[in-house]
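Student: I would like to learn how to read packing features from a set of coordinates. Can we work through one case together?

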Amino acid sequence: MTLNLPSPNSPLKIGTRGSPLALAQAYETRGRLMAAFDLPEAAFDIVVITTTGDRVLDRPLKTLGGKGLFTREIEDDLLSGAIDIAVHSMKDMPVDQPNGLVLDTYLPREDVRDAFVHLGNGRLDDLPDGAIVGTSSLRRKAQLLNYRPDLKVVEFRGNVQTRLGKLNDNVAEATFLAMAGLNRLKLDDVPHTAIEPDQMLPAVAQGAIGIERRLDDVSTATMLEAIHHTATGQRLAAERAFLAALDGSCETPIGGLADLEGGNVTLCGEILRVDGSEKHAGKITGAVEDAKEIGTALAKDLRARAAPDFFSWM
């Protein structure tokens with residue numbers, strides 16, 4: 001087929017949320033497409049779309065409806081043709097896409113780890129009993145209370161800059177951010193300590209950027225093939241199958257991380273009660289081509305070990 005490349009007169013419209021991190025991810029996508037096809041910046045148009053999750057910051061995500069809060073309006077614009085592609089943080093993405101859309105392009109994955117942020121440059125283990133930690137992530141809350149049940153966790157929503165401002169205002173003594181976000185925003189001056197996955201397993205697909213398109217847009221699909229990172233796609237196939245089999249969302253404390261070695265993928269996963277009182281974890285290894293089946297198998301194993309009412313708090 002003839003590839004219809006974008007131009008300054010007919011730019012490719014890239015949809016994104018408006019936070020500094022979301023924009024950084026959109027700019028990375030644009031930069032990779034520019035390099036792949038030797039195109040000028042003017043051949044692309046960054047379109048900022050405000051989502052429900054961006055507008056409503058005074059309530060926990062679980063009371064608003066879960067992960068679709070950060071994608072619904074963007075996907076509506078993609079379906080209507082107002083934008084040509086949508087750039088997402090993959091940890092925010094539901095496992096199913098609306099009819100007519102497909103998510104099959106991933107950029108090289110950043111650091112998957114969580115970062116413990118403390119303005120005094122302290123470590124998680126150094127927090128005094130009863131210290132207040134802010135997070136909007138039910139996974140991080142559950143993991144934290146499982147590891148340190150003496151701590152108090154408060155709701156802490158907003159982008160990176162908003163959360164850092166809350167620390168300065170003493171709303172909490174510490175919080176968590178993703179290392180990927182700190183790296184992409186070049187926030188090396190933020191006092192933080194990276195937390196290894198064996199202490200705090202990251203969210204499924206953390207650190208990965210995904211690009212969504214219309215299913216029938218063959219020209220755009222061909223363009224995106226040029227910037228797709230195969231290894232990231234293989235890892236996310238296992239992780240997102242694991243999430244799908246657990247019916248996971250922002251309302252479910254789930255951690256999952258896949259790694260590749262040779263022709264094999266190893267998936268570590270865990271499920272927790274939101275109060276941290278119970279955790280089930282496991283690991284499974286198999287061939288890369290069986291990544292989805294591996295994710296499903298680990299999910300079934302953890303569900304079998306958990307009590308029937310394990311997720312009944314949702």
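The dialogue below goes through a core, a helix pair, a hairpin and one histidine.

Tutor: Keep in mind that this is a predicted model.

Student: Where should I begin with the interior, and which residues have the most contacts inside the largest nonpolar core?

Tutor: In soluble globular proteins, nonpolar side chains tend to be buried together. Here the largest nonpolar core has 26 residues, and Met-90, Phe-242, Val-265, Leu-267 and Ile-271 have the most contacts inside it. The elements that give two or more residues to this core are S4, H8 (230-245), S11 (254-261), S12 (264-272) and H9 (291-305). H9 supplies the largest share, 5 residues. A second, separate core has 16 residues, among them Leu-12, Leu-33, Ala-43 and Ile-211.

Student: How do I describe two helices such as H8 and H9, and at what angle do their axes cross?

Tutor: Two packed helices are described by the angle between their axes and the distance between the axes. The axes of H8 and H9 cross at roughly 35 degrees and come within 7 Å. The crossing is right-handed.

Student: Which residues of H8 meet H9?

Tutor: An α-helix has 3.6 residues a turn, so residues three or four places apart point the same way. On the H8 side the residues are Gln-234, Ala-237, Ala-238, Ala-241, Phe-242 and Ala-245. They meet a set in H9 that includes Ala-291, Gly-295, Leu-298 and Leu-302. Phe-242 is in contact with Gly-295, Thr-296, Leu-298, Ala-299 and Leu-302, and its other contacts include Val-204, Ile-254 and Leu-267.

Student: Turning to the strands, in which sense do S12 and S13 pair?

Tutor: S12 and S13 pair in the antiparallel sense, over 9 bridges. They form a hairpin with 6 residues between them, and Gly-276 in the turn has a positive phi of about 75 degrees. Ile-271 stands opposite His-280 in S13.

Student: Is His-280 buried or exposed?

Tutor: His-280 lies in strand S13 (residues 279-287). Its relative accessible area is 13%, and the cut-off for buried is under 20%, so His-280 counts as buried.

Student: What does His-280 touch, and with which side chain does it make a polar contact?

Tutor: Leaving out residues up to four places away in sequence, His-280 touches Gly-269, Glu-270, Ile-271, Leu-302, Arg-305, Ala-306 and Phe-310. The side chain of His-280 also makes a polar contact with the side chain of Glu-278, at 2.7 Å.

Terms used
Residues numbered from 1 in each chain as written. Predicted model: local features only at pLDDT ≥ 70, side-chain atom pairs only at ≥ 80, totals over all residues. Heavy atoms only, no water. Helix = DSSP H or I, 4+ residues; strand = E, 2+ residues; numbered from the N terminus. Buried < 20%, exposed > 50% of the residue type's maximum accessible area, 1.4 Å probe, protein only. Polar contact = N/O pair within 3.5 Å; in protein donor to acceptor, adjacent residues only side chain to side chain. Contact = heavy atoms within 4.5 Å. Core = buried A, V, L, I, M, F, W, Y, C linked by side-chain atoms within 4.5 Å. Pairing = 2+ DSSP bridges. Axes fitted to C-alpha atoms, helices over the stretch in contact; angles between N-to-C directions. Left-handed = near helix turned anticlockwise from the far one by under 90°.
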